[in-house]
Amino acid sequence: MMDFPAFLASGFGPEADLLPCGLLLTDAEGTILAANATLLRWLCQPAGAVIGARSFAQLLATPGQLYWKTHLWPKLRLKGHIDEVTLPLPDGTGGLRHCLLSAQISAEGGHIGYVLFDAARKYQHDQDQARSGLVAQLRDRWLAQIERMAGVGAFALDPETGQIEASDRVFQMLGLVPDAGLTLDQMLERFVSAKVRTAIRADLARLARTQEPLAQEAVLATPTGELRRVQLQAEGEWLGGQMVRIAGVLNDVTRMHEDQQRLWQAANIDDLTGLANRRLFHRRLQTAFDGGPFALVLLDIDDFNAVNDMLGADAADEILQDVAVRLSGLVGAAGLVARLGGDEFALLLSAANADAMAERLAHEARAALAQPFDVAATKLTACIGLATFPADGTDAEGLLRCARQALTEVKSVRPGSAAFLRGPLRARIDARRKAIAFVQEAARDGRILAWYQPKVRLDTRRIVGYEALARIRSPDGHICTPEVWGAALDDVDCARLVDGNVLDAVLADLKRDAPRLMRVGVNFSEASLRGMNFAEQILALIAARGLSPKLIELEVVETVLLGQRADVLAQGFERLRAEGMRIALDDFGTGFASLSHLRDLPIDRIKLDKSFVLGLSGDHRNAAILRAILDLAAVLGLETVAEGIESDKAATYLRGLGCLEGQGFRFGPAQPFDALPPPGKKL
């Protein structure tokens with residue numbers, strides 16, 4: 001409450017008129033004796049209309065007058081004062097100004113002093129004050145929350161004293177109590193690496209000289225032993241050419257670093273074995289050329305699918321993990337072992353004598369795999385392709401291709417061994433490449449032909465059909481047999497080209513004179529029978545020529561029956577047989593077909609491999625094998641055809657064993673269609 005003697009002494013001079021509140025002085029009955037300019041401005045009245053002419057109660061709005069007379073005035077007379085009561089005061093615009101009223105009767109009891117504050121303005125002031133306090137609290141809380149979320153803490157370093165003022169987050173990262181003091185030495189001793197501590201001190205000294213900001217990333221340890229990876233950044237604040245303070249932040253990047261490690265792990269590490277994956281291997285192979293000579297070893301475990309089928313996926317995975325451990329022990333930290341996929345691995349290791357190193361790794365890898373594994377005491381073998389830099393290639397693509405081709409050749413020539421793509425292996429690759437180009441060019445030019453070798457009844461010696469054999473006419477007109485280009489048949493696309501072109505040629509010749517050819521045996525490779533709908537495709541080609549499937553005998557070798565496609569083949573063969581086509585198993589006795597294939601697959605006849613027929617005179621065991629096969633065929637109701645008959649003696653012997661048909665040079669070589677004898681000719 002204001003000091004009324006001083007208030008009265010002021011006489012409502014200029015100072016009172018500048019106050020933001022209204023001042024009023026009345027006598028003991030309430031008649032107005034004085035009012036300051038602020039109150040008169042609120043009332044929009046001149047001093048003469050208020051002073052001496054009205055009472056305080058008359059200044060109030062009607063509800064306020066009633067409240068004043070019945071409650072406040074008696075209370076003021078009784079207690080001698082009123083503190084902050086809200087009353088409505090009419091203004092000159094017809095509105096109401098709500099005022100906070102404080103009043104006090106003077107000690108002499110003759111006068112009453114009133115002070116009126118604009119309630120809205122005071123409320124706004126109080127609100128502003130409260131809001132400022134709240135914002136300050138929120139700002140502190142928000143900053144603390146942002147520091148926690150971002151993992152960032154701020155600090156300020158006094159370069160003279162080494163004292164640090166820091167946020168709570170900095171203390172938390174350092175594992176210290178926030179209320180404790182902090183010095184530069186205390187902060188630095190938390191960093192694990194002495195080298196980093198020295199570097200930070202050197203950076204701070206350079207900052208003072210050059211104003212170059214400081215940035216370091218390192219690992220710190222809390223007093224409890226917890227490790228955190230942090231980024232330290234700082235820059236100076238300068239005044240008058242002198243650095244007065246160093247402001248900085250500590251950024252906790254532990255989680256970000258762990259996330260980056262996990263992402264790198266997922267992108268570069270095989271999740272089963274923990275070895276480098278294909279992506280990391282290719283990157284390391286690229287960088288290996290920046291150094292000296294090195295060895296590249298590609299290893300493919302033999303028939304690992306059988307291990308998986310026999311032991312189950314979990315056991316197979318356990319074996320692969322053990323393989324990874326054994327191979328990693330061969331190269332140590334200096335080399336790299338990668339799992340390229342499935343059961344294929346790669347080893348990289350630098351060595352002055354790279355060839356010797358590659359051979360040593362291959363030898364040790366085979367020895368490691370030959371040791372029994374814990375799972376079912378399994379032993380493994382592998383095919384291995386070797387290559388070295390710079391002998392076999394000067395870039396990643398070329399070197400890897402060389403090692404992979406060596407691996408492919410080893411699989412086909414010497415399973416379970418290791419070799420470079422050099423000497424005979426290189427010659428095989430070159431020959432195959434030339435053969436593939438030869439076949440592709442011939443297919444493009446329409447030079448793949450069908451020649452026909454007769455099939456003869458051994459009792460009547462009359463022709464009963466033919467086998468279509470592929471021939472290629474070279475650009476100079478020479479007719480080439482598979483001895484020239486047969487290596488190309490290892491290529492899936494070339495095998496399909498030959499099969500397709502021969503079938504087209506046979507169908508064209510059947511269209512010209514089907515009675516002359518009677519029934520034609522056409523060879524189909526595994527590549528041509530891979531599709532689920534191979535039977536429909538063959539039937540569609542025959543139908544397009546307006547021919548009957550009965551004119552074709554499909555011949556397949558035993559190896560086509562291997563693997564997991566026997567059911568698919570059986571369905572296709574049944575479809576062909578339903579249309580009248582016959583199925584023959586070619587070169588029987590030299591492949592790996594089991595007796596169950598003869599029992600379960602829809603086969604009409606078997607063709608005895610010529611090696612048994614040609615060897616009749618040289619090894620008596622061949623006769624025993626032929627007799628067993630012919631007896632088996634008779635029991636199963638299968639027809640037989642003997643290949644490789646070159647003499648009447650062999651033909652007579654086979655006929656005596658029960659073989660009904662034969663083919664070979666005794667009855668004539670393969671010939672073009674125009675050179676074939678008339679139907680039914682006796683040979």
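Two strands count as paired if DSSP finds at least two bridges between them, and strands themselves are DSSP E runs of at least two residues, just as helices are H or I runs of at least four, both numbered from the N terminus. This is a predicted model, in which local features need pLDDT of at least 70, side-chain atom pairs count only at pLDDT 80 or more, and totals for chains, interfaces and linings use all residues. Residues are numbered from 1 along each chain as its sequence is written, and side-chain values use heavy atoms, leaving out hydrogens and water.

**Stop one: the strands.** Select residues 227-239, strand β10, then add β11 (residues 242-252): the two run antiparallel and are joined by ten bridges. Look for Glu235, which stands opposite Ala247 in β11. The hairpin has two residues between its strands, and Gly240 in the turn shows a positive phi of about 60°.

Now add β9 (residues 214-221), which is antiparallel to β10 and joined to it by eight bridges. Leu214 has Ala234 as its bridge partner in β10. Five residues lie between these strands, and Gly225 in this hairpin has a positive phi near 95°.

**Stop two: helix α15.** Select residues 396-413; the end C-alpha atoms are 26 Å apart, in agreement with the 26 Å expected for 18 residues at 1.5 Å a residue (the expected span is 1.5 Å times one less than the number of residues). Next, click Asp395, which caps the N-terminal end with a side-chain oxygen 3.4 Å from the backbone nitrogen of Glu397.

**Last stop: Arg599.** You will find Arg599 in helix α21 (residues 595-600). Draw a distance to Thr62, 537 residues away along the chain: their C-alpha atoms are separated by 119 Å.

Methods:
Polar contact = N/O pair within 3.5 Å; in protein donor to acceptor, adjacent residues only side chain to side chain.
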